[in-house]
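Good morning, colleagues. Please have the sequence and the three-dimensional view before you as I begin.

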Amino acid sequence: MKGKHITLAVTGAIAAYKAVFLLRLLRSAGAEVQVIGTANSLRFVGRETWEALSGRPPLFDLWETPDPSKIPHIMLAQEVDLVVVAPATANILAKAAGGIADDLVSTVLLAATVPVLFAPSMNTAMYESPATRRNIALLAEQERIHFIDCASGSLACGSAGKGRMAEPETIFGRIRYLLTPKRSEKLRWLIAAGATREYLDPIRFITNGANGATGRAIADAAWRQGAEVTLVAGNMPAPLPSDYAVRPVTSAADMHAAVTGLAPLCDVLVMSAAVADYAPVKSASKLKKGDRTKELSLESTPDILLETLPLMERRALRVGFAAETENLLENARGKMERKALDLIVANRVSASHDPFGAPDNRVVLVTPGGNEELPLMDKETLGELIADRIYDLALQKRSR
Ligand code: CTP
């Protein structure tokens, strides 16, 4: 987002307070944001809030200008990377669809030549009315114009239904998607992430500390680059992604069924999941205490990555992960060869460095051609970087 210029247009709905959080997300990601608003928007959030958080005076009037050498509504509509309207009322959608330009926001929308993202917010009856449906359909005919659908829930008017503006994180995710250049080929990615849970009885389970953050970041980054993504999600924090396909699973056996079922159709397989190598034989009823010692009988789980090998196309790219306490590179290379991988992401685990559940990580990317040692970074950035490398390798392999 660094160096990107965004016009954030706020219209008169209570969800304007959520646009404040959106502005914070955009600014923390490095974007330059000019806030503009309708007169009615000022009834919900005042000038000072926008000015303090954007670092520049917001504009509410067609005749206000930050730079007298430029015409503000043209600059804000054409010399930015994106215009986002959040919240977008039924009224602004009607004006934009009808080409009405009678204030700063509607004039910017009529003059816009860059992508525009609308985040509607209104009462359910207004959202479902034939007029609003028609206006949205008319606007969506333009390739440059995008919508982020309303969510359902309780509304400011006291009723419940569809009409709540999408959450700031969801709008932020869509903005990043729209601003990310797309790859030349739309590849199908299958990513397994998170920890598996192996139940001993209906209540207790064996698991590990993985939270799926790197796999999730890889999936998000691949989606932003235009890939068709399916995430097989072991145990990981909610909310799960809503922009691409997700198959939630619990145990290694569930993950095995999901991944082997989908692998024949994918161009890229990323097994970043922390799969249990052994699972207990599950008791149908709760295990009771009493004995001084208790023995657990464990059975090995199928090696999912290995089993996908005969199922996948030869030109598909295969990526694995390895967590090792010793002989990191030798062990990782051994796994790469044994499981016929094109890339293995090797994690060093020690008393002073436990990547599971941590916000950042340091890894080595091991390929048949050599090793690339990466510096310590947050898992979001790491996931983006790994996704970039994987996309490059996948396109190279396909062109061979
Ligand atoms: N993996 C898998 N199925 C399993 C176990 C692991 O697909 N039942 C995948 C992991 O997602 C990871 C890679 O295999 O991509 C790790 O290789 P593996 O040799 O199984 O590593 P460990 O499970 O750490 O094995 P070991 O205990 O032998 O080091």
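Helices (H or I, at least four residues) and strands (E, at least two) are DSSP runs, numbered from the N terminus. Proline 87 lies in one such element, strand 3, residues 82–88. I should say at once that this is a predicted model, in which local features need pLDDT of at least 70 and side-chain atom pairs count only at pLDDT 80 or more, while totals for chains, interfaces and linings use all residues. Residues are numbered from 1 along each chain as its sequence is written, and side-chain values use heavy atoms, with hydrogens and water left out.

Let me start with the backbone. Most residues other than glycine have a negative phi, and most peptide bonds are trans. The bond from alanine 86 to proline 87, however, is cis, with omega near -5 degrees. Alanine 238 and proline 239 are also joined by a cis peptide bond, with omega about -5 degrees. Proline 239 sits in the loop between strand 11 (228–233) and strand 12 (245–248). Asparagine 327 has a positive phi, near 45 degrees, and is found in the loop between strand 16 and helix 12.

I turn now to the pockets. A pocket here is an open set of points on a 1 Å grid over the protein atoms alone, where a 1.4 Å probe fits, with protein on both sides within 12 Å along at least five of seven lines; lining residues have an atom within 4 Å of a point. Grid points are joined across faces, edges and corners, and a volume is the space filled by probe spheres set on the points.

The largest pocket holds about 970 Å³ of space. Its lining comprises 41 residues, with Ala273, Ala274, Val275, Phe321 and Ala323 nearest the centre. Among the elements that each supply at least two lining residues are strand 16 (317–324), helix 12 (328–338) and helix 13 (379–399).

The second largest pocket holds about 780 Å³. Of its 26 lining residues, Glu169, Arg216, Asp220, Pro239 and Pro241 lie nearest the centre; Pro239 is the residue that follows the cis bond from alanine 238. Helix 9 gives the largest share of this lining, six residues.

Which residues are closest to the ligand? They are Met271, Ala273, Leu305, Phe321 and Lys335, among 14 that surround the ligand, a residue being near if one of its heavy atoms lies within 4 Å. Ala273 and Phe321 also belong to the residues nearest the centre of the largest pocket.

Three polar contacts deserve mention, a polar contact being a pair of N or O atoms within 3.5 Å; within protein, one must be able to donate a hydrogen and the other to accept it, and residues adjacent in sequence count only if both atoms are side-chain atoms. A polar backbone atom of alanine 273 is 2.8 Å from a ligand oxygen. Polar side-chain atoms of aspartate 277 and lysine 339 lie 3.1 Å and 2.9 Å, respectively, from an oxygen atom of the ligand. Taken alone, the ligand exposes 570 Å², of which the protein buries 77%, by the Shrake-Rupley method with a 1.4 Å probe.
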